[in-house]
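Reader: I would like to learn how to read a model such as this one step by step, beginning with the overall fold and ending with single residues. Could you take me through the features in that order?

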Amino acid sequence: MTVARSILLFVLAAIAEIGGAWLVWQGIREHRGLLWVGAGFVALGIYGLVATLQPDASFGRVLAAYGGIFVAGSLLWGMVVDGFCPDRFDVAGALVCLVGVGLIMYAPRGA
C-alpha cells in the first residue's frame with residue numbers, strides 16, 4: 001500500500017506543480033491576468049505541501065524522483081491541455097525518467 005500511496009502523491013504533486021506553472025505561464029505569457037498568476041502560486045504551494053507527504057523521509061530522494069514524474073507529466077499535460085504532440089524522443093526520454101523514478105524510490109534497499 002505504501003507504493004500505491006507514494007504513486008498517488010506523485011500524481012497529485014505533478015498536477016499541482018505543472019498546473020501551477022501552467023497557470024503562471026497563462027497569466028503572464030498569454031496575458032490572462034494576475035488572477036491566473038495568483039492561482040498558479042497557490043497551486044505551486046500545494047505542490048510543496050503534497051511533496052512532504054511522501055512516505056520516504058529523504059528530501060533529496062523524493063525531489064530527485066519527482067523530477068522524473070515532472071518530465072513525463074509535463075509532456076502529458078502538454079498533450080491534454082495544449083495539444084502538444086510529443087515525438088518518439090520525447091516519449092523515450094520520459095520512459096527513461098520513469099524508470100529512474102522506479103529505481104530511486106522503489107528499489108529494495110538493505111537496512
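**Reading the fold from the outside in**

Author: From the N terminus on, the elements of the protein run α-α-α-α, which amounts to four helices and zero strands. Please keep in mind throughout that this is a predicted model.

Reader: What box do the C-alpha atoms fill along the principal axes, and what percentage of the residues counts as buried?

Author: Taken along the principal axes, the box filled by the C-alpha atoms is roughly 50 × 35 × 20 Å. Of the 111 residues, 32% count as buried, while the protein exposes about 7,000 Å², with carbon and sulfur atoms supplying 74% of that area. As for the contacts between residues at least 6 apart in sequence, 65% of them join residues at least 24 apart.

Reader: Which residues of the largest nonpolar core touch the most other members, and which element gives the most to this core?

Author: The largest nonpolar core has 15 residues, and those that touch the most other members are Phe10, Tyr47, Tyr66 and Ile69. H1, H2, H3 and H4 each supply at least two residues of this core, but H1 gives the most, with six residues. Tyr66 is a useful residue to follow further: leaving aside residues up to four places away in sequence, Tyr66 touches Phe10, Ala13, Ala14, Glu17, Ile18 and Tyr47.

Reader: How should I read the pattern of buried residues along a helix, and which residues of H3 are buried?

Author: The general idea is one of spacing: an α-helix has 3.6 residues a turn, so residues three or four places apart point the same way. In this structure, the buried residues of H3 are Val62, Ala65, Tyr66, Gly68, Ile69, Ala72, Gly73, Leu75 and Gly78, and they pack against H1, H2 and H4. After H3 comes Gly83, whose phi is positive, near 70 degrees.

Reader: Is Gly67, whose place is in helix H3, buried or partly exposed?

Author: Gly67 counts as partly exposed because its relative accessible area is 31%, a value in between the limits of under 20% for buried and over 50% for exposed. The C-alpha atoms of Gly67 and Gly102, which are 35 residues apart along the chain, are separated by 12 Å.

Reader: Turning to empty space, how many cavities of 30 Å³ or more does the structure hold, and which residues line the largest cavity?

Author: The structure holds one cavity of 30 Å³ or more, and the volume of the largest cavity is about 30 Å³. The lining is made by Leu9, Phe10, Ala13, Tyr47, Val50, Ala51, Gln54, Val62 and Tyr66; eight of the lining residues are nonpolar, one is polar and none is charged. Helix H1 (2-29), helix H2 (34-51) and helix H3 (59-82) each supply at least two residues of this lining.

Reader: What volume does the largest pocket have, and which of its lining residues are the closest to its centre?

Author: The largest pocket has a volume of about 270 Å³. Sixteen residues line the largest pocket, and the closest to its centre are Phe10, Val11, Ala14, Ile69 and Gly73. Two or more residues of the lining come from each of H1, H3 and helix H4 (88-106), and the lining divides into 14 nonpolar, two polar and no charged residues.

Reader: Let me try single residues next. Is Gln26, which lies in helix H1, buried or exposed, and which residues does Gln26 touch?

Author: Gln26 is buried, because its relative accessible area is 6%, which is under 20%. Not counting residues up to four places away in sequence, Gln26 touches His31, Arg32 and Trp36.

Reader: Where is His31 found, and what is its phi?

Author: His31 is found in the loop between H1 and H2, and although it is not a glycine, it has a positive phi of about 55 degrees. His31 is exposed, with a relative accessible area of 70%.

Reader: Finally, is Phe41 buried or exposed?

Author: Phe41, found in helix H2, counts as exposed because its relative accessible area is 54%. The C-alpha atoms of Phe41 and Gly19 are separated by 10.0 Å, with the two residues 22 apart along the chain.

Notes
Residues numbered from 1 in each chain as written. Predicted model: local features only at pLDDT ≥ 70, side-chain atom pairs only at ≥ 80, totals over all residues. Heavy atoms only, no water. 1 Å grid on protein atoms, 1.4 Å probe; cavity = no way out; pocket = protein on both sides within 12 Å on 5 of 7 lines; lining within 4 Å. Points joined across faces, edges and corners; volume = space filled by probe spheres on them. Nonpolar A, V, L, I, M, F, W, Y, C, P; charged D, E, K, R; others polar. Buried < 20%, exposed > 50% of the residue type's maximum accessible area, 1.4 Å probe, protein only. Contact = heavy atoms within 4.5 Å. Areas by Shrake-Rupley, 256 points an atom, 1.4 Å probe, with all protein chains shown as cover. Core = buried A, V, L, I, M, F, W, Y, C linked by side-chain atoms within 4.5 Å.
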